[in-house]
Amino acid sequence: MSQPTPLRQLWRHASGHRPKVIRATVFSVLNKICDVAPELLIGAAVDVVVNRGGQSLVGRVFGVEDRLDQLTILAGVTVVVWVLESITDYLAHIAWRTLAQDVEHDTRMEAYTHVQNLEVGYFEDHSSGGLMSVLNDDVNQLERFLDFGVHELILTATNVVLVGLTFFVISPTLAVLAFLPIPVIILRSLRYQRPLAARYDLVRAAA
C-alpha cells in the first residue's frame with residue numbers, strides 16, 4: 001500500500017481545523033474573483049464605447065441606453081469591486097495566518113509530547129540538535145507553507161479557472177491556443193520536482 005502524499009497527511013492531521021481551512025479558502029477564491037473582475041469591467045467599458053445605445057452588454061443588462069450612464073454604472077461597480085478585493089485580501093491573510101499559527105502550535109505540542117514519552121535509549125542514538133530542529137525549524141516550515149504557500153496556490157488555480165472560462169466564452173480557439181502549453185509545463189515541473197525534492201531533503205537533514 002502506497003504512503004499518502006504529504007498534503008493528504010496534512011489534511012488528516014489538521015482534521016480539527018477543517019472549518020478554518022474552508023473559510024480561508026473561500027476568502028482566497030473571493031479575493032481572486034474580485035482581482036480578476038476589473039479586467040472584465042474594462043472589457044465591458046470598451047464594449048460600451050464601441051457599441052451604441054442599448055446594444056452593449058451593460059445596456060442590455062441594466063436597460064440603460066445612454067453611454068455616460070452605462071460608464072457611470074461601470075465606474076460604481078468597479079469601486080465596489082476594489083473595496084471588496086481589499087477586504088477579502090485582508091480576511092484571507094488573517095484566516096490563513098490564524099490557521100497556520102493554530103496548526104503550528106498543535107503540531108509542536110504533539111511532537112513535544114511524543115518526545116517526552118520516548119524511551120531513554122532513543123536519545124542515546126539521536127542528537128539533541130536533530131530533535132530540536134524538528135520541534136522548531138521543521139514545524140516552522142509547515143507554518144510558513146500554510147501562511148503563504150496554500151493561499152498562493154489557491155489564487156493561481158482560481159485565476160487559471162476564471163481566465164480559462166472567460167477565454168472559452170469569448171473565443172474557444174484562443175482558449176485552446178492559450179492553454180496548449182500548460183500540460184507541457186506541468187509535466188516539466190513534475191519532472192523537475194523529483195531531483196529538487198531529493199536536494200531539499202538533504203538541506204533539511206543538514207539543518
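Helices (H or I, at least four residues) and strands (E, at least two) are DSSP runs, numbered from the N terminus. This is a predicted model, in which local features need pLDDT of at least 70 and side-chain atom pairs count only at pLDDT 80 or more, while totals for chains, interfaces and linings use all residues. Residues are numbered from 1 along each chain as its sequence is written, and side-chain values use heavy atoms, with hydrogens and water left out.

**Overall form**

The protein has 8 helices and 0 strands, in the order α-α-α-α-α-α-α-α from the N terminus. Its C-alpha trace spans about 85 × 35 × 30 Å along the principal axes. The radius of gyration is 24 Å, against a value near 17 Å for a compact globule of 207 residues; this radius is taken over C-alpha atoms, and the globule rule is 2.2 Å times the number of residues to the power 0.38.

The accessible surface comes to about 14,300 Å², and 66% of it belongs to carbon and sulfur atoms. Areas come from the Shrake-Rupley method with a 1.4 Å probe, and for residues only the protein chains shown count as cover. Of the 207 residues, 23% count as buried. Buried means under 20% relative accessible area, exposed over 50%, and partly exposed in between (1.4 Å probe, protein chains only). Among contacts (heavy atoms within 4.5 Å) with a separation of 6 or more, 66% are between residues 24 or more positions apart.

**Helix α6**

Helix α6 covers residues 128-170, 43 residues in all, and reaches 61 Å from its first C-alpha to its last, close to the expected 63 Å. The expected span is 1.5 Å times one less than the number of residues. A kink of about 40° in α6 is centred on F145; the bend at a residue is the angle between axes fitted to the seven residues ending there and the seven starting there. T166 also lies in α6. The C-alpha atoms of T166 and D106 are 42 Å apart in space, with their positions 60 residues apart in sequence.

**Nonpolar cores**

A nonpolar core is a set of buried Ala, Val, Leu, Ile, Met, Phe, Trp, Tyr and Cys residues joined through side-chain atoms within 4.5 Å. The largest has 12 residues, including L10, V21, W96, L99, L146 and V150. At least two of its residues come from each of α2 (18-50), α4 (67-116) and α6, and α4 gives the most, with 5 residues. Apart from this core lies another, of 8 residues, among them A37, V58, L74 and V81. Leaving aside neighbours within four places in sequence, V150 is in contact with W96 and F145.

**Selected polar residues**

S28 is in helix α2, as is N31. Not counting residues up to four places away in sequence, S28 touches A92, W96, H151, I154 and L155. With residues up to four places away again left out, N31 touches E85, T88, D89 and L155. D66 lies in the loop between α3 (57-62) and α4. Its C-alpha atom is separated by 81 Å from that of E119, 53 residues apart along the chain.

| Residue | Relative accessible area | Class |
|---|---|---|
| S28 | 0% | buried |
| N31 | 4% | buried |
| T166 | 21% | partly exposed |
| D66 | 40% | partly exposed |
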